[in-house]
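Biologist: I should like to go through the charged side chains of this model and ask for the ground of each label. Please set every value against its definition.

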Amino acid sequence: MKKIIMAGVCLLIMLTQSGVSAQAAETEVKATWLWNPWMIYSDEAGTLAFLDSKDVNKVYVQIDADIPVDVYKRFIEKAGLLGMTIYALDGASDWVAPKGFTKQDRLMNWLSSYQQGALQAQKFAGVHLDVEPYLYSGWNTNRAATVKSYQALLSKASASTAAMNLPLEADLPFWFDEITYKNIYGKGILAEWVIANTHSVTLMAYRDSAALITELVKNEVAYAEKYGKSVVVGVETGETDEGDNISFYEEGETFMEGELAAVTAHYAGIPGFGGVAIHHVDSWKTMTP
C-alpha cells in the first residue's frame, strides 16, 4: 500500500512540474503587431527574416480583405515553420458605435470562411482585437453607454471566436484599471472584466523604462493571475509627441531589450505575466540599434 501511495505522490509531482513547465513556456511570448499586411504581399521573405531575427514567436497580423487569401495562407505556413503563431488582427474605435457591430461581423465572416478553406498549417491561431473605445466620441459624451457597448462588442466577439474554436485576445490601455462600470454586465473595474472575459490581453504599457512599466501593469498581472489568464506587456517604438517617456524611439533597440529583460525578470514565475510585445513592425524595423 505504501508503494502505491508513494507512486501516486511521485506521479502528482511529475504532473505538477509538467504543468509548471508548460506554464513557463507559455510566458515566453515575444509578440509584435503587423499593421501593414501588404508587406507580406510584397516582401514575404524579408518580413519573415526580420521577425525571425528578432526572435518573435507571435504576430498580430492586420486583416485586409483586399489581400488574396493565399498570401495569408503562405505567410502563416512559413511563419509556423519558424516557430511563430499568427493571430488575426483588426478593430477600430468606431466598432463601439451603434452600428459598429457590422464591422466586427465582417471580420468574423471573413475569418470563418478563411479558416474553412485553409489547411491546418495555414490557419490563424486566434483573434486579436484592437478596439480603443476612448477614441470614440461617445467616451466623452456618454462614457457609461460607451463602456457598455465595448463590453457588448467583446462578448459578441467571444461568442464568434468560440464558434470557430479560436482564443480571443484584446489590446488594453494600462489605465483601464481606473475605469469602473455598473450595468447589465455587473459592477466592477473594466480592466478586470476584460481580462476575465478574454483569453489574454496585451497591455499598451507605453513607457520607456522597466521601473515605470512594472508599476503600471501590476494590477493587470494580478487580475490575470486571479482568473488564470495572461497579460502580455506591450511597448512603443515609434516617434511620438505625447512625451519623452512614452516610446523607446529615442533610446534605441538595445536599451529597449534591456528594459524588457528587466520587466520579464521582475515578473518571472508569476502566472499572470505572459511575455512582451513590441509595437510595431514598421517602426521597429527603422529604430536605432
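Biologist: Why is Lys156 called partly exposed?

Modeller: Lys156 has 33% relative accessibility, and buried means under 20% relative accessible area, exposed over 50%, partly exposed in between (1.4 Å probe, protein chains only); therefore Lys156 counts as partly exposed. The model is predicted: local features need pLDDT of at least 70, side-chain atom pairs count only at pLDDT 80 or more, and totals for chains, interfaces and linings use all residues. Residues are numbered from 1 along each chain as its sequence is written, and side-chain values use heavy atoms, leaving out hydrogens and water.

Biologist: What makes Lys156 and Asp105 a salt bridge?

Modeller: Their closest N and O atoms are 3.2 Å apart, and a salt bridge is a side-chain nitrogen of Lys or Arg within 4 Å of a carboxyl oxygen of Asp or Glu, so the pair qualifies. Lys156 lies in helix H7 and Asp105 in helix H5, 51 residues apart.

Biologist: Why is Lys54, which pairs with Glu253, called buried?

Modeller: Lys54 has a relative accessible area of 18%, which is why it is called buried. Its partner Glu253, at 13% relative accessibility, counts as buried as well. The N to O distance in this salt bridge is 2.9 Å.

Biologist: How do you know that Glu192 makes a polar contact with Tyr227?

Modeller: The side chains are joined at 2.6 Å, and a polar contact is a pair of N or O atoms within 3.5 Å; within protein, one must be able to donate a hydrogen and the other to accept it, and residues adjacent in sequence count only if both atoms are side-chain atoms. Therefore the pair is listed as a polar contact.

Terms used:
Helices (H or I, at least four residues) and strands (E, at least two) are DSSP runs, numbered from the N terminus.
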